[in-house]
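Please examine the structure shown below. The paragraphs that follow discuss charge pairing, the contact between chains, the annotated spans and the packing of helices.

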Amino acid sequence: MSSTVAATPDAGDRRRADEILREQQQLIHVRTDRLFAALMVIQWVAGIMAALWISPRTWSGAISETHVHVWAAILLGGVITALPVLLAWKRPGRVVTRHIIAISQMLTSALLIHLTGGRIETHFHIFGSLAFLACYRDWRVLCTATVVVAADHGLRGWLWPESVYGVIGGAPLRLIEHAGWVVFEDIFLIVTIRQSLADMSRNACNQAQLESTNQRIEAEVHRRTEELRESVEETARASRQLVHANKALEEQNKELDQFTYIASHDLQEPVRKLVSFSRLLEQDIDGDLNEDAQRDLQFIVDAAKRMRSLVQALLELSRVGRSAMKHEPVDLEQCVDDALDSLELRIKETGAVITRDEFPTVIGDRTMLTQLYQNLVSNALKFTDEVSPTIQISVTQNDDHWVLGVRDNGIGMKPEYAERIFQPFQRLHNRGEYEGTGIGLSICKKTVQRHAGEIWVESEPCQGAHFRFSLPIAEPQIEPTAPTESIETEPVELAIC
Amino acid sequence: MTPRPSDDRDAPAGQGTAFDHVARRPGGWTIPVLVIAWSVMVAAGLGIVWRYEHTAGPLHVAPDRWPSDSQIERSPERWTLVLFAHPKCPCTRATLGELARIMTQCADRVQASALFVKPPACALEPGWEYSQLWQAAEQIPDLSVYADPGGVEANRFAAVISGLVLLYDPAGRLRFRGGITASRGHSGDNLGRSTIVQLLNQGSGDVDSTKVYGCELGTNLQETHQSCHQP
C-alpha cells in the first residue's frame, strides 16, 4: 500500500490536484474577502470616531462648524467602504473583488492619515494592510495596492510636494525612498506567498494521491466484500442443504429404526412358533424318520433357534436406540459388580482373573451402563485362546470426561477391523469358532453414544483387545427420550464374529 | 472534500437581491460601471479633502520691525518667535508639535511666545481660551504662553490665521513669517520649520515666508460679531 501512495502521480491525479488547489485558493479568497469586509466597516467607524475626537469642528473666530474631516470620514469613508463590502458580500472570491478591496484598503490608509493629521504612526496602517492583503496568497493584489500607494504619493507629491515629503526640492528621490519601503515589504510578502502556494500545491498533490489511493482501496474492499458475501451465501446455502440432508437422513434413520423395531418385534411370534413347533414335530416323529430326515429336521430346529436369537438381538439393538433413558447419578462401581455377578458362572468356568479400579459416579442410566459392562466383559471372556483370560477393568480421568476400559488377553484382532466390529451383524469369525449374533458391540456403541461418549478399541492380533469408552464428568448431553417401552434385560449373546 | 463556493452568475432570473438581478444583465457591465462610478466618487472626495487641506489662509504683511508698543517680551540677545493661535483650532495641534521640535533643537537661541487669541465676541466668556491646546503649549519647554484678549497683539502683528509664526532676529527685524506645517493640521517635515531652524542656527534661510494653514483668529482684521458658542 505504501508503494501505491508514494507512486508518481498520473495525469488524473494531477488534474485532481489542480482542482483541489483551485478550490483551496477559492476558499481562501472568499474567506479573506469577508474578513476585509468586516475590517473595512470597522475602519470606517474608527475613522469617524477619530475625526470626531481629533477635529470635530473648525473655527473662524468665535463661530464654528463641523470640520471637513468629519464629513470626509462619514461620506468619503463610506464611499470607499461601500463597494468592497458590497462585492465581498455578493461576489466573494472574484478577482475584481479582491483588487477593489486592495485599492480601498490603501485609500482607507490615506484617509486615516489625513484624519489623524499625518501622524507617522498612522502610516503603519499601510504596511499592516499590505501584510493583511498577503492573506489572499495572490501577489497581484499586492501589486495593485502598491500601485495605489505610489499613485497617491506621486500625484500629491507632484501637486503638493511639501505636504508629502516636507521639502520642495528632491521630491522624486523622496518618492523612491517612500515607495522603496513598500516594495521592500512587498518582496518579502511575495516570496512568502510563493512558498505558501508551493506548499498548497504539494498538499493538493498529496491529497489527490490519497483520494486516488482511497478510491482504489474502497474498490478493492468492495470487491472483496462482494466475494465474501457470495462465499457466505454459498456456505449458508450448503449449510441449508446439509441441514436438509441431515433432516432427511434422520427421518430415514427413524423410519429404519421403526421398521427394525416393528420387524423384529413382529417376527418374534412366528419365530417362536417356528422353534416351538419344530421341537414338537421333532418329539412327535421321534424315531420315525430316517437318518437324513432327522438331520434335516435338526437343521430346521437350529436355524429356527438362530433366527430367534437374531431377531431378539435385533430387537434389543432397536430398543437401546429408542427406549426411554434415565438421567441420574449412577455409581459405576455397582454397575461393574452387577455385570460381574451376572457373569459369575462363566467367569468360574473360564477361570478368568479380573482386576478392577475404583469407579466414579456418572450421570446416566444404570441398567444400560450395567449391560454395557456385561457385554464388554462377556466379550473378553468369549474371545480367549487356550489360556485363562485376564481382564482388567480400568478408569482414568481426562480434562472433562472419564475414560473407562476393559482390557483382555484374548485373541485380539487387526487394527483395520476396529471400526467394523461396532457395526451390526459384523463378525470376524465363523459361527462355529465363536458363538454370537454380532450385535453386542453395536449395542455397546449405541449405549455410549446415548451417554454423550465415544467408544473405540485398541488391539493387535494375539495381543488382546482394549475396549475403551468415554463418559462426561459433567451432566451429559443425553438424547431426547423416546416414548416407548423400557429396555428388557434379556441376556444377549455377544460376538465379534 | 470541501465544496466549492457557489457562483451564482448563472442562477435563474427572478431570485436574489436587486444587485443580483442587475448583475445578471447581459454583457456583465454592472460591475465595471459600479467600479467606474465608485472611482469617480472616491476621486472627487479625495480631491475635496486634498483641496481643503492645501488651501492656505491669507497672509498679511507683518511689521518689519518689532513693534515698540507690543506687550510681548522680546530679548535683545536672542531671536524672538511669536506664535498666534486660535485656542480651539484642531489644525494648530500640528503647529504646536512642530514648534516643540524647534524648541527642542534651538531653545537656547530663541525666546518663544505663544499667544492664544480670544476673539472680542468671546470677551465675556471667562476661561474660553484655556483649551487643550493651551495645556499642550504649556508643556513645551521655554515657551511662554499668553492670552491675547480681543486679538490686540494679533492685530498689531497682522495675524489673521491660527498657526502664524513670526521670527524676529535679535535686532528686532522680521526674518520669517508663515506657517510651520506642510498643510492644514498635517504634522511632519515642512519648509517653515526647516527655515526657522536654519535661521536660528545659521542666521539665514531659504525662504522668508510660507503658507499658513489654520482657522481664522477672528481679529479686527476679520472681525466676526457672532456668538462664541457652538451652533
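Over all chains, the count of salt bridges in this predicted model comes to 32. In general terms, side chains of opposite charge can pair when their charged atoms come close. One such pair joins A:Glu227 to A:Arg223, with the closest N and O atoms 2.5 Å apart. Both A:Glu227 and A:Arg223 belong to helix H8 of chain A, which comprises residues 171-284. Within helix H8 of chain A, A:Glu227 and A:Arg223 are four residues apart, or about one turn of the helix.

How many salt bridges are found across the interface of chain A and chain B? The rule, which requires a side-chain nitrogen of Lys or Arg within 4 Å of a carboxyl oxygen of Asp or Glu, finds zero across that interface. The two chains nevertheless touch: 49 residues of chain A are in contact with 54 residues of chain B. The size of an interface is often given as the accessible area lost when the parts come together. For chain A and chain B, the buried area is about 4600 Å², and 66% of it is on carbon and sulfur atoms. On the chain A side, A:Trp59, A:Ala62 and A:Arg91 supply 15% of the area buried against chain B, more than any other three residues.

Unreviewed UniProt entries provide annotations for both chains. In chain A, the record assigns "transmembrane region" to residues 35-56, 68-89 and 96-115. The model gives residues 35-56 of chain A as 91% helix and 0% strand, with the end C-alpha atoms 30 Å apart. Residues 96-115 of chain A are 100% helix and 0% strand, and their end C-alpha atoms lie 28 Å apart. In chain B, UniProt lists residues 29-50 under the same term; this span is 95% helix and 0% strand, with 31 Å between its end C-alpha atoms.

Helix packing can be followed in chain A. The axes of helix H12 (residues 366-382) and helix H13 (residues 440-450) of chain A come within 10 Å and cross at roughly 145°. This crossing of H12(A) and H13(A) is left-handed. Among the residues making the contact are A:Leu372 and A:Leu376 of H12(A), together with A:Ile443 and A:Val448 of H13(A). By class, seven nonpolar, four polar and one charged residues form the contact of H12(A) with H13(A).

Note on methods:
Residues numbered from 1 in each chain as written. Chains lettered and ligands numbered in written order. Predicted model: local features only at pLDDT ≥ 70, side-chain atom pairs only at ≥ 80, totals over all residues. Heavy atoms only, no water. UniProt positions renumbered as here; feature names shortened; annotations may be inferred. Helix = DSSP H or I, 4+ residues; strand = E, 2+ residues; numbered from the N terminus. Axes fitted to C-alpha atoms, helices over the stretch in contact; angles between N-to-C directions. Left-handed = near helix turned anticlockwise from the far one by under 90°. Contact = heavy atoms within 4.5 Å. Nonpolar A, V, L, I, M, F, W, Y, C, P; charged D, E, K, R; others polar. Buried area = accessible area lost by both parts, 1.4 Å probe.
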